[in-house]
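Please walk through this protein with the chain in view. The text starts from a pair of charged side chains and then turns to the elements around which the description is built.

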Amino acid sequence: MIKAWKIGCIAAVMTAAAGTAAHAKGTFLCMTPEDPVAITVDQYKYYRYMEMTSSNGAVATAQVSTDGNTYLPLRFICEAAGLTDCAGVSGYMPDNSFRYMPADANGPDRIELMVNGQYYCHNVGEQFTYEAAPGDIRNVAVYNVRSSLYMPMTYIAKITGALAIWYPETGQVMFISSGLDSTEYVMPDGRIRRDKEMILGFDFFANNLCDSPLYLRTDGMTVGNIEDEAGAGAHSPTRISTLIYYIDAEGYISATYQDSYETERISLTDENGAPVDIKASTLAAVRGKLYGIVAGENGGRLFCFDSDGTNFRYLTDKNVYNMQVTRDSVYHYMFYGEADSHSVIHMIDMRTMDDYTMELTDYSHVNLLNDMKQFVVGETYMSYIDSGGGLHVINMDQNPKEIEIIRVLPENHRIYTYDSNGNPIGKILYINYDYVNDLIYAIAEDSSIYYFEKSTEQFVKFDTYSGMSVFSLFCDKGFNDCCSGIQNGSIFLRHTIYSGSRVWYLD
């Protein structure tokens, strides 16, 4: 069995700032001013989501001052630059360290840094000048913002030899320490390199159809079956690095290491430390946290908890179903349906956790969402299956990530009964959304698989897989889709690529 402390330690590594040992070889950080979560890379070149915190443990975000400089929490940015916090150490500081000194006979509150043998000292709230680059003279300060100390990022980059970049097109802020080659991680337009981003995707969520037991291993090329590792009935695997979370045969949330037969049921506790006993129907890992739906005949409440099982809480008092997590280039969104009506979709902005009700109607204000058994929301299209297996697609005139009231023409809502070749589609069991390529997939009762071709607004049929019992969809490290399934008892993997509005097999 996996010891509980071992799971907790692994989870803590993934949700807390990496230590100085991990930063010694260089640190890559990617942030946006609104989001308290940074993307970072560890010593194994795996991307992680990491919650930024100040010295007092409060969750913090990057601050863009009126002086045009980006400020980050003191301890967070200093440790990211490879400096050690030596608070409480009196007298001389060890090299490559920093400390906060409260006001005393020697002066006001101040920050002291020792970097490569050079000593720096700055009074809190007092402006100082430095040269960020030849001719680029900046006036900055160490600020106290709601009891959290903030340092100018470009200044820390200057004295430690790191690189600080701001991309106005995306709003992303990059901090790349001197031990790393920036071109290895960031493309010229500011996007994270795709081969790196797909490792990040493992920490995001498993893009599966029909509660598949399959998951893509960290090599991005081979497939694992959680039933083989955790027993029959295990399903909905979602990963944070090599730790695989899943729902066991009894409905409880458990975890196992990749390719390990040792499993451990997660002990859930709420924000006060009290035990929580729930069974789940859906599970997904997003930025180091777990989200899911409580199992129930008519749906259940939406919940989340930290990766070590702590801080369990409900996100709504409604009965919900069909949780979908997706993202654009920067931000994350969660969609869920109200189980009592099956005609209402909600969107949660995962930066703020604000919950919006989507209103998708025609211009007569008639709701176009009715009798939804399962739904997916894409960038331009949303699709749902009704209780009879009918396949609906709505071409949305507005982006649901920017506005919650959407009006469309009646003809923009279509029910598909035939594929692009005029053959009957039949009853649809599951649909899914590929957020990478903005594609809708559907699997029929006869195991036929279809994808929605946007240029013709038709569903195109994949090859028929005889003897198929499971079908899953992933993205590999090359940013290609992987069609994976169990066919006649064996796992298969076929690589595909989206090109020219069509999906093609690579092998």
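**Salt bridges, strands and a covered helix**

Arg407 and Glu359 bring their side chains together in a salt bridge, 3.0 Å from N to O; the term stands for a side-chain nitrogen of Lys or Arg within 4 Å of a carboxyl oxygen of Asp or Glu. This pair ties together distant parts of the chain, with Arg407 in strand β35 (residues 405-408) and Glu359 in strand β31 (residues 354-362), 48 residues apart. Glu359 has 33% relative accessibility and counts as partly exposed. The cut-offs are under 20% relative accessible area for buried and over 50% for exposed, with partly exposed in between (1.4 Å probe, protein chains only).

The model is predicted, so local features are reported only at pLDDT of at least 70 and side-chain atom pairs only at pLDDT 80 or more, while totals for chains, interfaces and linings use all residues. Residues are numbered from 1 along each chain as its sequence is written, and side-chain values use heavy atoms, with hydrogens and water left out.

The structure holds 11 salt bridges. Another of them joins Arg217 and Asp259, at 2.6 Å from N to O. Here too distant parts of the chain are linked: Arg217 lies in the loop between β16 (214-216) and β17 (223-225), Asp259 in the loop between β20 (253-257) and β21 (263-265), and the two are 42 residues apart. Asp259 is partly exposed, at 42% relative accessibility.

Is the salt bridge partner Glu112 buried or exposed? Glu112 is buried, with a relative accessibility of 7%. Its partner is Arg110, and the closest N and O atoms of the two are 3.7 Å apart. Arg110 is buried as well, at a relative accessible area of 8%.

Now take the whole protein. It has 6 helices and 44 strands, where helices (H or I, at least four residues) and strands (E, at least two) are DSSP runs numbered from the N terminus. Buried residues account for 54% of its 507 residues. The exposed surface is about 21400 Å², of which carbon and sulfur atoms supply 48%; accessible areas come from the Shrake-Rupley method with a 1.4 Å probe, and for residues only the protein chains shown count as cover. Of the contacts (heavy atoms within 4.5 Å) between residues at least 6 apart in sequence, 45% join residues at least 24 apart.

Why does strand β19 count as largely enclosed by the rest of the structure? The reason is that 5 of the 5 residues of β19 (residues 243-247) are buried. Both of its faces are covered, with Leu243, Tyr245 and Ile247 buried on one side and Ile244 and Tyr246 buried on the other.

On the N-terminal side in numbering, strand β18 (residues 235-240) pairs with β19 in the antiparallel sense over 4 bridges; strands count as paired if DSSP finds at least two bridges between them. In this pairing, Ile240 stands opposite Leu243 in β19. The hairpin of β18 and β19 has 2 residues between the strands, and Ser241 takes a positive phi near 60 degrees there.

β19 also pairs with β20, again antiparallel, over 5 bridges. Leu243 is found opposite Tyr257 in β20. The hairpin of β19 and β20 has 5 residues between the strands, and Gly251 in the turn has a positive phi of about 95 degrees. Tyr257 in β20 is buried, at 13% relative accessibility. The C-alpha atoms of Tyr257 and Thr242 are separated by 5.7 Å, although these residues are 15 apart along the chain.

A further hairpin is made by strand β10 (residues 128-133) and strand β11 (residues 136-140), which run antiparallel and are joined by 5 bridges. Phe128 stands opposite Val140 in β11. Between these two strands there are 2 residues, and Gly135 in the hairpin takes a positive phi near 85 degrees.

The last element is helix α4 (residues 153-160), which is mostly covered, with 7 of its 8 residues buried. The buried residues of α4 are Met153, Thr154, Tyr155, Ile156, Ala157, Ile159 and Thr160. Just after α4, Gly161 takes a positive phi of about 80 degrees.
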